[in-house]
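Trainee: Hi! Could you walk me through this structure while I have it open?
Mentor: Happy to, ask away.

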Amino acid sequence: MKNKTYSFTFSLTFVFASLLITSFVSIILYNYFKTSSDLYAISKNVNKEIRNTVIEKTIAQLEKVATHLKVLCKADNSSDILKNKENTLKIMWEQLNSDETIASIFVADEDSNFIQARRKPAFATRVIETYENTRMELFEFKNSDYTTRAMETYISTYNPLTRDWYENANQKDTFYWSGPYIFASTGQTGITIAYPNIDEYGKKTKVAAADITVDSISDFLRTQTKVVGGDLILLGVNNEVIAASFLDKIDKQVNGKIITLKELPLEYYGGFAPLLASSPLSGDYVDTKGDEYIYDVSTFPTTFSKRWSLVTFVKKDTLLASVRNTVNEMLLISFVITVFFLSIIFYVATKISSPIIKLATAMQHLQKMNLDINIEDNSVIKEIKVAQNSLMSLQSGLESFKKYMPSELVKILIQTNQEAKIGGSEKHLAVMFTDIESFTTISETMSPEDLMIHLSNYFEELVPIIMSHKGTVDKYIGDAILAFWGAPLEIEDPCLVAVEAAIAMQKRLEIMNDQWEREGKPRFKTRIGIHFGPTLVGNVGSHERLNYTIIGDSVNIAARLEGINKNFGTKIMISEVVNTHIQQRIATRYVDSILLKGKTEETKMYTIEGV
Amino acid sequence: MKILIWLLISTVILMGNEEKILKIYNYNDYMANRVLIKFAQEHKVKVWYELYENNSVLNEKITQEKEGFDLACPSANFIQSYIQKGMLQKIDKTKLPHFTNLQFSILNQSYDPENLYTVPYFWGTLGIIYDTSKTKPIVSWHDLWRKDLQNSILIGSDYRDVFGFTLKSLGYSANSQHPDEIKQAYEKLLQLIPNIKAIGSNSVPKYFLKDGFSVGVVFNGDAKMVIEQQAIFSYVYPKEGALKWIDSFVLLKNSKEPELAHLFLDAILEASTSAMIAEEVGYATPNKEAYKQLNEKTQKNSIIYPLQTILDKSEILLGVGECNDLYKEYWDRFTKEYENTKKGTK
């Protein structure tokens, strides 16, 4: 399995970006959910209080009117309401003026006499009494100071005794509360409260009642929408919409009857009715448009005669709007910070990785034994600097090492990831042996130091020629060089290359000798012998110290050939086998034949023409 | 289309069934409600009875000709111009068998010499009422300008009444048609402003019984009501002469129910009905048969029925022809001045 690798900059940036984004997202998410649930809780509490306030206000409002009715009955202890009608009307008038929710207040006795003070369509008092066996109605339209503006009188068709409020109250001993309905006279929503007066003998003598508008509750609910964060609906026992914060925006009656919850338009919780019937008193409601609401229901206390209920709807979006805004802001801020940080991280990562990348590149070069590279040591990071320095040492070490070992060998060792081991193999190699004529004589004329320098210069000129011709220098033996072609690198036509190298060496030496002579240094006449044959090549020595070297007859023959130059005054002597390999390309000349040591047949020797 | 036909049919049915409405326009506190109820009951009609505070309001409303009232009850000074403008219908006395109940002396006044248009309803006087415990005796119109009466007087909102007593205080006729005299009256009226506490003609007794007013220029009916409850008040006929007025019912030209109106007029001329109204309203009835049915206390009440000598000295408010506009103009200037002064002192 191959491990996937990533660039340093990418890894570093990726890690930091992941960390940053993860932490930001975690914080934002935590914040969002925590704040949301807190908000839900706060909103629930606030709304509960508001619902209770509305309920209390409504009850107080209605019960205040109930008290008015008692007062009205007690103020006139006569069973004939007409006896004190002026006084009764004055009280009614005061009550009407003291409380805007009273649309009308009225009293009827058993003789179906009727007295009323009403607010709409105009302030008026109304008396129905029997005159000459005819029930006559007298309206007095009033100015705000109770002075009369106009009167109207006609035969009445109204009989209070057949009215719901009278009949119901008369059957009870206490207050009768009607359900909510639409007042025919004004179109307002309201209820009627009726109170039966019972005299000291326990006899019901008259019924006082009042029409109370609840439209003002809608007004009040509307003022609470901001606090609640949504709409409020006051529902009757049969889910009639008695009041709602949005009631001014819709038709509050259907066929003259008060609109019920399920008749509400869909955009105003029309779909809520089934949920209310089946569900607990709070929960989630999704309308047809997909808007989500949290609803809560509070029921009127049992002390109140009607089990009305008040529902609040809070749109989740509205509730969470501020949180969402905050989240959006946080996201934006996080994004900006992340981008800012990432650019810093990218810059730092680049700064750190650039020397590491250069190091890696340098190492790759070293692996290929390309030692001629520039390694920087400019990193400010200690560890990288150490690595740079080590690599530089390695570079110079390899540089030196290369001088002791054939660099190709080292390259092979490095590239094949092998350790040098004792052992060798027989290969057909071209073996070259060189020697300087009369070196001993020359050496006696020079100081050892000058000699070493001169000799070194000599090697300096020749060895590169061998190496550039892909030859391997085995060793220096005094002034002699042993070199071979065909190992460790397999090369094509080793003999030809070896001979070409020999020619190049001799040519170079001509030039150098002239120069040395001008410098007053002695000339070196070099003789070269080249043979080609099976040769043992490999690592020889102890485990601590190995030599990559060749052993065998070929070496001796090459040395022999070199020595024979002396007899024929030639500079390069090659064996017959070498000649066979190169004679198509290089002009050679037969010199002689000799019987080589250990051979039964003579070997022909050739020299190179023109050298 | 069907709906339209139904609408048409139901409208026709409704119109056919529509009960008749008699529309009456009258002063406030000037009728017994039972009379209206009785009339509606007897004739199975609806009675619409609207009230006004003073003749100016009446004048404005019926000259606009929109209201469609059948009957109204203006004071004598308006009648001549209404007749001249053709705003009234003649009254068919053959339909008023009780017309003969009216006393002769009230009939055939200069503004309607043959009583072709008017049926006298009530007459009375305009005098001064004052709290004898708080105020030094008042004997003349001129006394109203006394310094000790600062911010204590109620005057009415009818400009002819107010100019009437001011002209009287200057020794002129209350019906003066001399611009110079009217101007003098206006200037004198301005001097009365510091003494005026209120201008109003609605629920006049309340000002004295509830609101603590001690002096007022009031009709005798209102004075009677106050004095019946607070004997400390006194009603005086100023020595320059009181103002006398006569209010009469007229049949308006735009009446939709003239038959019903005649029925109503006859009903209130009937002695017992007329007496009932007179007892309730507290003014002097011109109905001699009704007078006989009044209780003795009322008959002998000198506030309602003053001595002949006092009546001889008093003057009936009559029409002033073209000068009427001058009166109105001065009145407007006066009320503006009055309101500004009141605002300033507040």
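Trainee: Where in chain A does Ser112(A) lie?
Mentor: Ser112(A) lies in the loop between strand E1 (102-109) and E2 of chain A. Keep in mind that this is a predicted model.

Trainee: Is Ser112(A) buried or exposed?
Mentor: Ser112(A) is buried, because its relative accessible area is 10% and buried means under 20%.

Trainee: And what is phi of Ser112(A) near?
Mentor: Phi of Ser112(A) is near 60°. That is a positive value in a residue other than glycine. In chain B, Asn151(B) also has a positive phi, near 50°.

Trainee: Where does Asn151(B) lie?
Mentor: Asn151(B) is in the loop between strand E5 (118-131) and strand E6 (153-155) of chain B. With a relative accessible area of 39%, Asn151(B) is partly exposed.

Trainee: Back to chain A. Which peptide bond is cis?
Mentor: Look at the bond from Lys120(A) to Pro121(A), which is cis, with omega near 0°. You will find Pro121(A) in the loop between strand E2 (114-118) and strand E3 (124-131) of chain A.

Trainee: Now strand E3. Is Ile128(A) buried or exposed?
Mentor: Ile128(A), which is found in strand E3 of chain A, counts as buried, at 0% relative accessibility.

Trainee: What is Ile128(A) in contact with?
Mentor: Leaving aside neighbours within four places in sequence, the contacts of Ile128(A) include Ser112(A), Phe114(A), Met136(A) and Tyr158(A). So you meet Ser112(A), the buried loop residue, again here. As for distances, the C-alpha atoms of Ile128(A) and Thr157(A) are separated by 9.8 Å, and these two residues are 29 apart along the chain.

Trainee: What about Glu129(A), where is its place?
Mentor: Glu129(A) is in strand E3 of chain A too. Glu129(A) is buried, with a relative accessible area of 14%. The side chains of Glu129(A) and Lys85(A) are joined by a polar contact of 3.2 Å. Leaving aside neighbours within four places in sequence, Glu129(A) is also in contact with residues including Leu82(A), Asn113(A) and Thr134(A).

Trainee: Switching topic: how many residues does the contact take from chain A and chain B?
Mentor: The contact takes 16 residues from chain A and 18 residues from chain B. Between them, the two chains bury about 1,700 Å², with 63% of it on carbon and sulfur atoms. Tyr131(A), Met151(A) and Thr153(A) supply 38% of the area that chain A buries against chain B, more than any other three residues.

Trainee: Which residues form the salt bridge between the chains?
Mentor: Lys46(B) pairs with Glu152(A), and the closest N and O atoms are 3.5 Å apart. The rule finds one salt bridge across this interface. There are also six residue pairs in polar contact between chain A and chain B, counting those with both residues at pLDDT 80 or more.

Trainee: Which element gives the most to chain A's side?
Mentor: E5(A) does, with eight residues on the side of chain A that touches chain B.

Trainee: How many salt bridges does the structure hold over all chains?
Mentor: The structure holds 40. In one of them, Arg222(A) meets Asp219(A), with the closest N and O atoms 3.1 Å apart. Both residues lie in helix H4 (residues 215-228) of chain A, three residues apart, about one turn of the helix. Arg222(A) is partly exposed, with a relative accessible area of 30%, and Asp219(A) counts as partly exposed at 39%.

Trainee: Are Lys142(A) and Glu140(A) buried or exposed?
Mentor: Lys142(A) and Glu140(A) are both buried. They form a salt bridge too, with the closest N and O atoms 3.2 Å apart. You can also look for a network of salt bridges that links Glu437(A), Lys525(A), Arg527(A) and Glu562(A).

Trainee: One last topic, the nonpolar core. Which residues touch the most other members of the largest one?
Mentor: Those are Tyr30(B), Leu144(B), Phe163(B) and Phe165(B), in a core of 111 residues. Apart from it lies another core, of 47 residues, among them Leu96(A), Ile115(A), Phe300(A) and Phe304(A).

How values were computed: Residues numbered from 1 in each chain as written. Chains lettered and ligands numbered in written order. Predicted model: local features only at pLDDT ≥ 70, side-chain atom pairs only at ≥ 80, totals over all residues. Heavy atoms only, no water. Helix = DSSP H or I, 4+ residues; strand = E, 2+ residues; numbered from the N terminus. Buried < 20%, exposed > 50% of the residue type's maximum accessible area, 1.4 Å probe, protein only. Core = buried A, V, L, I, M, F, W, Y, C linked by side-chain atoms within 4.5 Å. Contact = heavy atoms within 4.5 Å. Buried area = accessible area lost by both parts, 1.4 Å probe. Salt bridge = Lys/Arg side-chain N within 4 Å of Asp/Glu carboxyl O. Polar contact = N/O pair within 3.5 Å; in protein donor to acceptor, adjacent residues only side chain to side chain.
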